[in-house]
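Please prepare a careful report on the structure shown here, with its helices, its surface and its annotated regions described in turn.

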Amino acid sequence: MNNVLKKKRANKSSLPFLFKSSFKVSFIIILISLILLITTFTFDTVPPILNRGIQPATFPKALLVLIIFLTSFIFYLSIKTPWKKESKLPRSFFITLIAFVLFLVIAKTLDFFLAIAVVSALVSYYWGEKRIFYLLAVSILFPIIVFIFFETFLGLRFPPGIITNIYYN
């Protein structure tokens, strides 16, 4: 009888949801997002005459609420379909991390949109997309969508760079 109880306790699926890794990861992401969301309420408001587009705190608030919602949704999905245990992280994970460092270097030295194009193509390739048409489409369309969204809808101006200087000059 004791052996049966020990085996049942050793089974990870019988653990309460508080001890599962999906809950821990989701909880940490939501906690950090909530702290940052509360911090955005301390941002100064820009007078309407100086305001270009939206208030400085609006976009971070919307982004943090979106992160909280998506994290809650992913946690819900992990309850329905538990995560697989990986003994080691896949190669694409490390390449994605390197791609983000490459993004910072290209964005700071050359151009923000060039960085988005390179990183989106690189990450798509290493996540499994090998068709050149779709890689080019992602690397061209995604920066254009980002530019249109931020420039026209939010009224933000991007820092100078190779591509942005062509547009602004």
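## Helix H5 and its surroundings

The cover over the buried residues of H5 includes helix H4 (91-109), helix H6 (132-153) and helix H7 (162-168), where contact means heavy atoms within 4.5 Å and buried means under 20% relative accessible area, exposed over 50% and partly exposed in between (1.4 Å probe, protein chains only). This is a predicted model, in which local features need pLDDT of at least 70 and side-chain atom pairs count only at pLDDT 80 or more, while totals for chains, interfaces and linings use all residues. Residues are numbered from 1 along each chain as its sequence is written, and side-chain values use heavy atoms, with hydrogens and water left out.

The buried residues in H5 are Phe 113, Ala 115, Ile 116, Ala 117, Val 119, Ser 120, Val 123 and Ser 124. The 15 residues of H5 (residues 112-126) should span 21 Å at 1.5 Å a residue, and the end C-alpha atoms are 21 Å apart, which agrees; the expected span is 1.5 Å times one less than the number of residues.

In the protein there are 7 helices and 0 strands, taken as DSSP runs numbered from the N terminus (helices H or I, at least four residues; strands E, at least two). Of its 169 residues, 23% count as buried.

For "transmembrane region", an unreviewed UniProt entry lists residues 21-43, 63-81, 93-126 and 132-150; the positions follow the numbering used here, feature names are shortened, and such annotations may be inferred rather than shown by experiment. Two of these stretches are set out below.

| Residues | Helix | Strand | End C-alpha atoms apart |
|---|---|---|---|
| 63-81 | 95% | 0% | 26 Å |
| 93-126 | 94% | 0% | 9 Å |

On the surface, a nonpolar patch of about 1,100 Å² includes Val 25, Ile 29, Phe 69, Phe 73 and Trp 83. Patches are made of residues with over 30% relative accessible area and no salt bridge, with like charges joined within 9 Å and nonpolar side chains (Val, Leu, Ile, Met, Phe, Trp, Tyr) within 5 Å. Helix H3 gives the largest share of this patch, 9 residues. Ile 29 lies in helix H2 and is partly exposed, with a relative accessible area of 34%.

The structure holds 1 salt bridge, that is, a side-chain nitrogen of Lys or Arg within 4 Å of a carboxyl oxygen of Asp or Glu. The side chains of Glu 129 and Arg 131 meet in it (2.7 Å, N to O), and Arg 131 counts as partly exposed at 48% relative accessibility.

Technical notes: Accessible areas come from the Shrake-Rupley method with a 1.4 Å probe; for residues, only the protein chains shown count as cover.
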